[in-house]
Amino acid sequence: MLITSAITQFGIAQELDFSKVQQWHHQLEDVMEIIDTTELKAKLAEAETQHRENPSELSSVRLGLIHHETALNLSFLSKTSHKGYAQKSYEQLSKLYNSSSTNHALLPYIAAYRASALALMAGETRKLKLLGEAFVLFQEATDKYSHLSYLPEFLRGSVAENLPWFFFSKRKFAKQDFQSIISKQAKQPDFANWKIMSFTFWAWAKQHPSKRDRSQALKYLEKAIALDPQYKAGREKAEALKKAYLR
């Protein structure tokens, strides 16, 4: 059964193309990568109301994504009272991922965020087994969908870069994934939007602190800053890292 399901999923991935996946992006991007907590709380309330009043496939995906962002920014990192949202996200997205009726073009979003939600659950519960399972899901998402979407590599790299040093077998993905996104963006300028590239250029520079890479790191930090004039993405962190590298 599992083998049959895996074959089916890979077949679906082969049928998709970038344009089909990208068509959904503008309907989902407002609930992805939100760093302003006031905006996040407003989007959470909005998404929950929309899903309650109109439980469509799109509202279900949006709810899963905003629950992930809530777990990341209002629970996992800031340690506020918003607990349990990682599990809510994982369960919501797992239902969609495992449903035969889910629109195939939504699977790259669902698969990547599902893996990241499980990684956040591992962080909340301190269960290393869940972290290992999350990276298995990340690998599946990357194998199937990284040619169609930046999300599998971006989210895996974001998790990997925040792991303690002794997770070196997983931390390696940070360098690998952010470089992969930059390379794909160079070949296909609409592969990722300005917000993602701002974060990505900053993350690449952070992962390459050696003097050997300093020149390239500073160039990427300048790009991260230029792409984010209103401080909605990686600019603040990029400016701080630039100052540190120029000392």
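Select K129 to begin. K129 is exposed, because its relative accessibility is 64% (exposed is over 50% relative accessible area, buried is under 20%, partly exposed lies in between, with a 1.4 Å probe and protein chains only). K129 sits in helix α8, residues 128–145. Helices here are DSSP runs of H or I with at least four residues, strands are runs of E with at least two, and both are numbered from the N terminus. Now add S101 to the selection. S101 is 28 residues from K129 along the chain, and their C-alpha atoms are 30 Å apart.

A word on what you are viewing: this is a predicted model, in which local features need pLDDT of at least 70, side-chain atom pairs count only at pLDDT 80 or more, and totals for chains, interfaces and linings use all residues. Residues are numbered from 1 along each chain as its sequence is written, and side-chain values use heavy atoms, with hydrogens and water left out.

**Stop two: R62 and its partners**

Select R62 and D30. Their side chains form a salt bridge at 2.7 Å, N to O. This bridge links distant parts of the chain: R62 is in helix α5 (residues 57–76), while D30 is in the loop between α3 (25–28) and α4 (37–53), 32 residues apart. A salt bridge here is a side-chain nitrogen of Lys or Arg within 4 Å of a carboxyl oxygen of Asp or Glu. Side chains of opposite charge can pair when their charged atoms come close.

Which of these residues are buried? R62 is, because its relative accessibility is 7%. D30 is partly exposed, at 24%.

Add E46. The side chains of E46 and R62 also meet in a salt bridge, 3.7 Å from N to O. That pair links helix α4 to helix α5, with E46 and R62 16 residues apart. E46 is partly exposed, with a relative accessible area of 34%.

**Stop three: helix α13**

Move to R235 and E239. Their closest N and O atoms are 2.8 Å apart, in another salt bridge. The two residues are about one helical turn apart, because four residues separate them in helix α13 (residues 235–246). R235 counts as buried at 19% relative accessibility. E239 counts as partly exposed at 23%. Elsewhere, salt bridges with shared partners join D30, K43, E46 and R62 into one network. The structure holds nine salt bridges.

**Stop four: helix α12**

Select residues 214–226. These 13 residues form helix α12, which should span 18 Å at 1.5 Å a residue, and its end C-alpha atoms are indeed 18 Å apart. The expected span is 1.5 Å times one less than the number of residues.

Which residues of α12 are buried? They are R214, A217, L218, Y220, L221, A224 and I225. Seen down the axis, they fall within an arc of 165°, so they line one face of the helix. The arc is that of the directions from the helix axis to the C-beta atoms. Show α10 (168–187), α11 (194–207) and α13 next: they are among what covers these buried residues.

**Last stop: confidence**

Colour by pLDDT, the predictor's confidence in each residue, from 0 to 100. The protein averages 92, and 92% of the residues score at least 70. Among the elements, α12 has the highest mean pLDDT (98) and helix α1 (residues 2–15) the lowest (53). Over residues 2–7 the pLDDT is below 50, and this stretch has zero contacts beyond near neighbours in sequence. Contact means heavy atoms within 4.5 Å. Where pLDDT is low, the predicted coordinates should not be read in detail.
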